[in-house]
Amino acid sequence: MDQIAYVNGSFVPLAEAKISVLDRGFLFADGIYEVSAVLDGKLIDNASHLARLERSVGEIALALPETLDRIREIQKELIARNGIENGLVYLQVTRGAAAGRDFAFPKGVKPTLILFTSVKDIVNAPSAKSGIGVITVPDIRWARRDIKSVALLAQVLAKQAAAEAGAGEAWMIEDGKVTEGGSSSAFILTQDDVLVTRQNSSAILPGCTRKAVIALAEERQLRVEERPFSIEEALVAKEAFITSASSFVQAVVTIDGKTVADGRPGPMANRLREIYIDFARKTAE
Ligand code: PDD
């Protein structure tokens, strides 16, 4: 079956889904994106993703071409049309295509909205059992990482370096502390059982999965501290893990080739993963 994409009001075969070469997303990375997971054909934590979408577009003064309710309908229709049981829905909105190549916002141009889906069995991913390795790279991104911008070149380079090193993620370092992963939030569990993850600020993306995991942990009386941590601290931690829509909770077992604890996914990462998947199924829409 041909995959269907959504482009500016129409559902079209993916191969025929096209936008202009003048699209500002293409020319300037002048756009915002979101990725929501799908489990059993249903959207996971999607209200949180749509709220972040609304915030991100607001921060760059880009008006959504559709309401959030309509976007949710489009997401659902695409999941149904593509028969997605387990996977991801990608959504991108840009400031549209305007003649010329003016940096300043064009007037009277309709934003471009595109969505497509992909298949991914996040729950049964082999890396969930084995854990992943991460490498560290300098965080060379811009200063507004709280905006989910499509300008991802720094992450492309970071994750390519990780792939070449046989690692599953790159942790980005600034001023001696981990900011976050190339496409995930970073956590450690200290020797005295405190979950540590960097506080939200313009230095990181406010992860939807991060937010849900913190709330689920606190509901269970687990101690959470939102502060930066260093690689030295991570290497003497009990556990390390990442969170994201595309991995949920995923244990980190090596950092730059050095093992975290015994080099196997720890009980806390496994437990939070189960708790998160349970929350995801119960709140899926
Ligand atoms: N990435 N930090 C960064 C830089 C990210 O790109 C992402 C998500 C996260 C985790 O956020 P969330 O829990 O809301 O997915 C943190 C998506 C999955 C991506 O780019 O594919």
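## Ligand contacts and a helix pair

Biologist: How far is a nitrogen atom of the ligand from an N or O atom in the side chain of Lys148?

Modeller: This is a predicted model, where local features need pLDDT of at least 70, side-chain atom pairs need 80 or more, and totals for chains, interfaces and linings use all residues. Residues are numbered from 1 along each chain as its sequence is written, and side-chain values use heavy atoms, without hydrogens or water. For Lys148, a side-chain N or O atom and a ligand nitrogen form a polar contact (N or O atoms within 3.5 Å) at 3.3 Å.

Biologist: Which residue offers a backbone N or O atom to an oxygen atom of the ligand?

Modeller: Glu180 uses its side chain, with an N or O atom 2.6 Å from a ligand nitrogen. The backbone atom, 2.8 Å from a ligand oxygen, belongs to Ala245.

Biologist: And how much of the ligand does the protein bury?

Modeller: Taken alone, the ligand exposes 470 Å² (Shrake-Rupley, 1.4 Å probe). Of that area, the protein buries 92%.

Biologist: How are α6 and α8 oriented to each other?

Modeller: Helix α6 spans residues 208-219 and helix α8 residues 267-283. Their axes come within 10 Å and cross at roughly 105°. The helices are therefore (65 to 115 degrees) roughly perpendicular.

Technical notes
Axes fitted to C-alpha atoms, helices over the stretch in contact; angles between N-to-C directions. Helix = DSSP H or I, 4+ residues; strand = E, 2+ residues; numbered from the N terminus. Parallel < 35°, antiparallel > 145°, perpendicular 65-115°, else oblique. Polar contact = N/O pair within 3.5 Å; in protein donor to acceptor, adjacent residues only side chain to side chain.
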